[in-house]
Amino acid sequence: MSAARGAAADRQVVDTQGMNYLTSLPRRVVTVWIPLAVFLIVLLFPFYWMAMTAFKPDDELLSRAANPFWIHSPTLAHVKHLLFETSYPSWLWNTLLVSVVATFVSIVFSVLAAYAIERLRFRGSRYVGMAIFLAYLVPPSILFIPLAKMVTELHLFDTRLALILTYPTFLIPFCTWLLMGYFKSIPVELEECALIDGASRLQILVRIVLPLAVPGLISAGIFAFTLSWNEFIYALTFISSSEVKTVPVGVVTELVEGDIYHWGPLMAGALFGSLPVAVLYSFFVEYYVSGLTGAVKE
Amino acid sequence: MGLAAFARIRVACDPAIVALAASTARLLDSRNALGLAFMLPAALLLLVFLTYPLGLGTWLGFTDAKIGRPGEWIGLENFEYLWGDSVTRLALFNTIFYTVVASAIKFVLGLWLALLLNKNLPFKSVVRAVVLLPFIVPTALSALAFWWIYDAQFSVISWALTRMGLIHQYIDFLGDPWNARFSTIAANVWRGVPFVAITLLAGLQTISPSYYEAASLDGATPWQQFRYVTLPLLTPIIAVVMTFSVLFTFTDFQLIYVLTRGGPLNATHLMATLSFQRAIPGGSLGEGAAIATAMVPFLLAAILVSYFGLQRRAWQQGGKDT
């Protein structure tokens with residue numbers, strides 16, 4: 001019976017996992033490999049283009065005759081210009097500092113909040129959990145104007161502290177939501193036993209829950225760091241001096257001068273501003289993806 | 001080692017269950033206090049820098065506040081002015097057009113890419129990691145790369161099309177209103193497709209292969225399998241992913257700011273970029289805040305449509321029951 005059914009299935013082209021052997025090779029090339037290759041080329045082309053432009057001399061950049069897809073005589077002139085004639089190094093430092101501090105603060109606050117909501121189950125914790133989720137849905141584009149007013153009134157305008165204080169508004173909701181999911185997966189019995197053995201709630205959190213939630217902490221940390229590194233509208237609104245700017249804002253506002261665009265330094269700035277998050281991401285892809293999909297699924 | 005420790009604690013636990021019941025009563029007393037203490041840092045920060053500004057922003061929308069000058073309450077004047085303002089109306093049209101077109105394309109391409117990635121591929125994890133790159137790098141910086149790719153004089157796309165003999169004149173990607181609209185949408189799609197694809201891929205991986213086996217035994221074609229197995233089972237996660245996608249697209253700022261600053265002739269101004277332009281360089285905090293506040297109802301409507309619209313479909317198709 002199964003042989004007959006197998007033969008029937010054989011005549012079908014079945015596109016599911018485990019049945020791929022039924023699909024003929026030429027068909028697979030057309031339906032899978034070519035579209036996938038086109039997707040990958042389009043998704044990666046802007047990065048290739050950044051890299052090409054960053055190391056290409058000006059006369060090649062501004063020539064329509066030469067093949068633009070390759071560099072004939074690579075140059076480091078644009079990188080040199082970026083590092084020594086602009087404030088790029090201090091933008092990198094600012095971005096790093098703000099991202100690390102904002103991420104650290106947000107993770108600590110989120111761990112406490114997520115533990116309280118998920119495990120202490122205080123009165124009203126369900127509503128607080130919902131409120132945290134709603135807070136995640138508030139976009140920065142409707143908050144930056146009142147925040148700009150507050151930042152000015154608190155005399156924080158043009159300081160890194162303004163960014164460190166405002167970035168957690170989008171980091172904490174996300175991290176708390178993510179960590180709540182991780183804490184949920186840790187058996188309650190572990191905590192109950194520790195309670196009976198006389199451990200305090202803080203000890204339980206630090207000694208039992210956190211070590212078991214390390215993957216969640218890494219996910220939340222990577223996510224928070226990339227979100228802070230990529231932040232644009234707050235940094236654009238709250239910062240005006242060149243030496244306090246972050247990389248995305250610095251490159252966009254300071255490297256574009258007048259009508260003649262210096263594409264070389266601009267693309268070098270974009271490339272080196274993207275590399276840190278790309279490298280960090282490449283080390284923790286699995287954590288990042290599980291954070292992304294976990295947060296959406298929940 | 002973890003398991004052994006777990007077992008040891010379990011053993012220690014059993015004789016103490018009575019004690020547990022007794023201590024639970026005391027514990028519950030402290031739970032509220034402790035819960036409050038643990039919530040305090042996060043709650044305080046969010047109340048001061050999220051909830052308060054949300055209220056302040058709404059209030060500012062009803063005042064004539066300028067930068068450095070506290071405003072007076074002027075009621076609906078800002079909104080009345082903005083309703084008659086052709087640029088604001090255009091920005092509203094642009095935002096809706098941008099959101100609808102970009103989200104639809106992101107959905108179709110994202111689903112397609114997810115289905116491709118769900119096949120048995122060599123280097124599967126590498127391919128998946130590479131696909132997500134556009135989503136993780138700073139949007140402002142990748143938008144700069146698009147700016148260069150769209151350059152009116154040296155665009156590589158124009159160069160390639162000229163060499164292929166398809167066009168004779170370089171395309172003015174960002175200089176013509178409709179070209180600019182579609183160019184910014186393309187850049188937004190480029191950035192958003194990886195997010196849709198990777199999250200939908202996670203959803204696809206939860207669908208049991210046995211459904212497909214059963215369907216193929218019943219003689220379902222690949223298209224029927226997709227239509228009657230994949231799509232219904234995927235609908236709940238599609239609803240969530242597209243809600244987020246619509247939310248991000250509707251409130252987009254960076255991409256437009258970098259590529260066009262709203263030009264040419266305000267053809268690509270979105271609500272967010274217009275609100276920034278009026279409030280920060282323009283100095284009219286009240287007017288900018290009014291535009292931002294006006295986004296909220298549209299945003300809620302967009303979320304409701306994409307979330308509940310898709311959820312209801314799932315329910316009608318029995319996707320919820322399984």
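Biologist: What makes a residue count as buried in chain B, and what percentage of its 322 residues is buried?

Modeller: A residue is buried if 20 or more other C-beta atoms, placed from the backbone, lie within 10 Å of its own. Buried residues make up 42% of the 322 residues in chain B. The model is predicted: local features need pLDDT of at least 70, side-chain atom pairs count only at pLDDT 80 or more, and totals for chains, interfaces and linings use all residues. Residues are numbered from 1 along each chain as its sequence is written, and chains are lettered from A in the order in which they are written.

Biologist: How many helices and strands does chain B have?

Modeller: Helices (H or I, at least four residues) and strands (E, at least two) are DSSP runs, numbered from the N terminus. Chain B has 14 helices and 0 strands.

Biologist: How do you know which residues of chain B are in contact with chain A?

Modeller: Two residues are in contact if their C-beta atoms, placed from the backbone, lie within 7 Å. By this rule 80 residues of chain B are in contact with 89 residues of chain A. Helix 2 (residues 17–60) of chain B gives the largest share of that side of chain B, 21 residues.

Biologist: Why are residues on that side called nonpolar, polar or charged?

Modeller: Because Ala, Val, Leu, Ile, Met, Phe, Trp, Tyr, Cys and Pro count as nonpolar, Asp, Glu, Lys and Arg as charged, and the others, Gly among them, as polar. The side of chain B that touches chain A divides into 64 nonpolar, 13 polar and 3 charged residues.

Methods. A residue is buried if 20 or more other C-beta atoms lie within 10 Å of its own, exposed if 12 or fewer, and partly exposed in between; C-beta atoms are placed from the backbone.
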